[in-house]
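Grab a pencil and have a good look at the protein below. We'll work through some exercises together, one step at a time.

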Amino acid sequence: MATEAKRHKVDDGLALSPLHNFLQWCQSVGLVLTGSLTLFIVTLRGRFCLQSPDLLFFIRGRQRSLSSLDGSSGWVPLLLALFYEYTSPQSHWKPYLSLWTNFKTLDHPMFWSKEERDRLLRGTGIPEAVDTDLANIQKEYTDVVLPFIKKHPDLWDPNTHTMELYTLLVAFVMEEEEDEEEDEKAPNPPMMVPMADMLNHVSNHNANLEFTPDSLKMVCVRPIHKGEEVFNTYGQMANWQLLHMYGFTESYHSNSNDTADIPHHQLLQNIQSDMERQLVEEKWEMLCQIMQEKATFVFGKQGCLTDTELHTALKVLCMSKEEFSEFKDDEGWEEDEEDDEKISLAFCNDGVPGLKTSWRRLIHEAARLTVRSYSKEGEAVDSDQTLIENQARLSSRQQRALQVRWGQKSILYRLMELTKS
């Protein structure tokens, strides 16, 4: 069953006027449609269908950095602007923001009860991420936002611009933020992009937003047939990231960017009985220094995505006492000792069966223990297989959580198969 819809349907009669006003507003602010797009509202997020060419729309103007306010998210200036614009009847942005008439339809896990998050998303990493988000949001609102708006009563009112509305706007901005490719340039400040915000995401997308010095352009990245929906990309997002940040998932088999994490400590579980505890602790202490704050090994559908870190961990953990002593004396090994390309090939799915037996044993046991972490004591480990076959009976939240869990488990089961003795 598809899990990609992000909003409840809106009555056509209610959708026409906001859409008409929005399109008129686009013309007045320099947002140019190429004439090849058909936009219609089937949910609170728009849907675009293509009539033809490569350039879909562009927005004239330059990016402007908002003045800095100290907050953990980096989004405080944007959120303060949204606070004002969303609640102001005279807002210049009203035709744009009126397309989202009720943020309470957002269904990110941060709006689920803690009990429901912990029950449906155990082992996925999402409950921990949400707990961190909620703590940061509360601290940011209390320490930064609330004191600021109290200093400017002509613009904001604490009775209107509440913690609840701030949390909803954080979720809304999370939805509109696209994941940026890592490069040497400083990241763009958080922003919202009219029209681009309305495109849905799939991993196998057919359009992409391009930044230029004086405009933003949405362009095709592959041929799009007439009547086909235009899909943007929010980045290479695993299902747990999509659910956490955007409130939806792709089906586990179609999301080519899906991943599963194995915590570092799981590698230790299978070696403490075979080695002196002190030696294990020394090795672990050195690995923590080498890998710093990276707490997990990440596996995708084609193999390990953190292959260099995994290679380092396995090499150190499987050293003899003499080898480790020499390793410490030399303060590690030379950076160019190992070829990065060879390491990547060794830890892709085709290369894993050829790893050393001791390495495969550690990976296999770590994957097995990680699979068990999805279930409470006494629960069947593979119960999700049955649920996948009968998911039509599940609620929307149960279905989305299942796509995350089973997608991650599928990667881990595949890894266990590749590393079995």
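## Warm-up: the whole chain

Keep in mind that this is a predicted model.

**Exercise 1.** Among contacts between residues at least 6 apart in sequence, what percentage join residues at least 24 apart?

*Solution.* Start with those contacts: 70% of them link residues that are at least 24 places apart in the sequence. Next, look at burial: the protein has 421 residues, and 46% of them count as buried. Then turn to the outside, where about 22200 Å² is exposed, with carbon and sulfur atoms supplying 49% of that area. Finally, the fold itself is built with 14 helices and 11 strands.

## The cores

**Exercise 2.** Find the largest nonpolar core and work out which residues touch the most other members.

*Solution.* First, a bit of background: nonpolar side chains in soluble globular proteins tend to be buried together. Here the largest nonpolar core has 46 residues, and Phe22, Phe83, Val145 and Tyr166 touch the most other members. Now ask where the core comes from: the elements giving it two or more residues include helix H1 (12-29), helix H5 (126-150) and helix H6 (163-176). H6 supplies the largest share, nine residues. Zoom in on Val145: setting aside neighbours within four places in sequence, Val145 is in contact with Val76, Leu80, Phe83, Glu140 and Tyr166. Last step: there's also a second, separate core of 36 residues, and Leu279, Phe299, Cys304 and Leu412 are among its members.

## Two helices

**Exercise 3.** Which residues of H8 are buried, and which exposed residues sit on the face turned away from them?

*Solution.* Begin with length: H8 covers residues 277-291 and reaches 21 Å from first C-alpha to last, close to the 21 Å expected. Next, list the buried residues of H8, which are Leu279, Val280, Lys283, Met286, Leu287 and Met291. Looking down the axis of H8, you'd find these buried residues within an arc of 130°, so they line one face of the helix. The face turned away from that buried side carries the exposed residues Arg277, Gln278 and Gln289. What covers the buried residues? The cover includes strand E10 (296-300), helix H9 (307-317) and helix H10 (321-329).

**Exercise 4.** Say what the buried residues of H12 pack against.

*Solution.* H12 (residues 357-372) has 16 residues and spans 23 Å, close to the expected 22 Å. Its buried residues include Trp359, Leu362, Ile363 and Leu369, and also Arg360 and Glu365. The buried residues of H12 pack against strand E9 (259-263), H9 and H14.

## Strands

**Exercise 5.** Is the pairing of E6 and E7 parallel or antiparallel?

*Solution.* Recall that strands of a sheet pair through backbone hydrogen bonds, either parallel or antiparallel. E6 (residues 207-212) and E7 pair in the antiparallel sense, over six bridges. For one such bridge, match Ala207 with its partner Cys220 in E7. Then trace the link: a hairpin takes you from E6 to E7 through two residues. As for surroundings, five of the six residues of E7 (residues 215-220) are buried, so E7 is largely enclosed by the rest of the structure.

**Exercise 6.** In what order do the strands of the three-stranded open sheet come?

*Solution.* The order is E9-E10-E11, with antiparallel pairing. E9 and E11 (303-304) are the edge strands, each pairing on one side only. Between E9 and E10 there are five bridges, and Thr259 has Gly300 in E10 as its bridge partner.

Key
Residues are numbered from 1 along each chain as its sequence is written. This is a predicted model: local features need pLDDT of at least 70, side-chain atom pairs count only at pLDDT 80 or more; totals for chains, interfaces and linings use all residues. Side-chain values use heavy atoms; hydrogens and water are left out. Helices (H or I, at least four residues) and strands (E, at least two) are DSSP runs, numbered from the N terminus. Buried means under 20% relative accessible area, exposed over 50%, partly exposed in between (1.4 Å probe, protein chains only). Contact means heavy atoms within 4.5 Å. Accessible areas come from the Shrake-Rupley method with a 1.4 Å probe; for residues, only the protein chains shown count as cover. A nonpolar core is a set of buried Ala, Val, Leu, Ile, Met, Phe, Trp, Tyr and Cys residues joined through side-chain atoms within 4.5 Å. The expected span of a helix is 1.5 Å times one less than its number of residues. The arc is that of the directions from the helix axis to the C-beta atoms. Two strands pair if DSSP finds at least two bridges between them.
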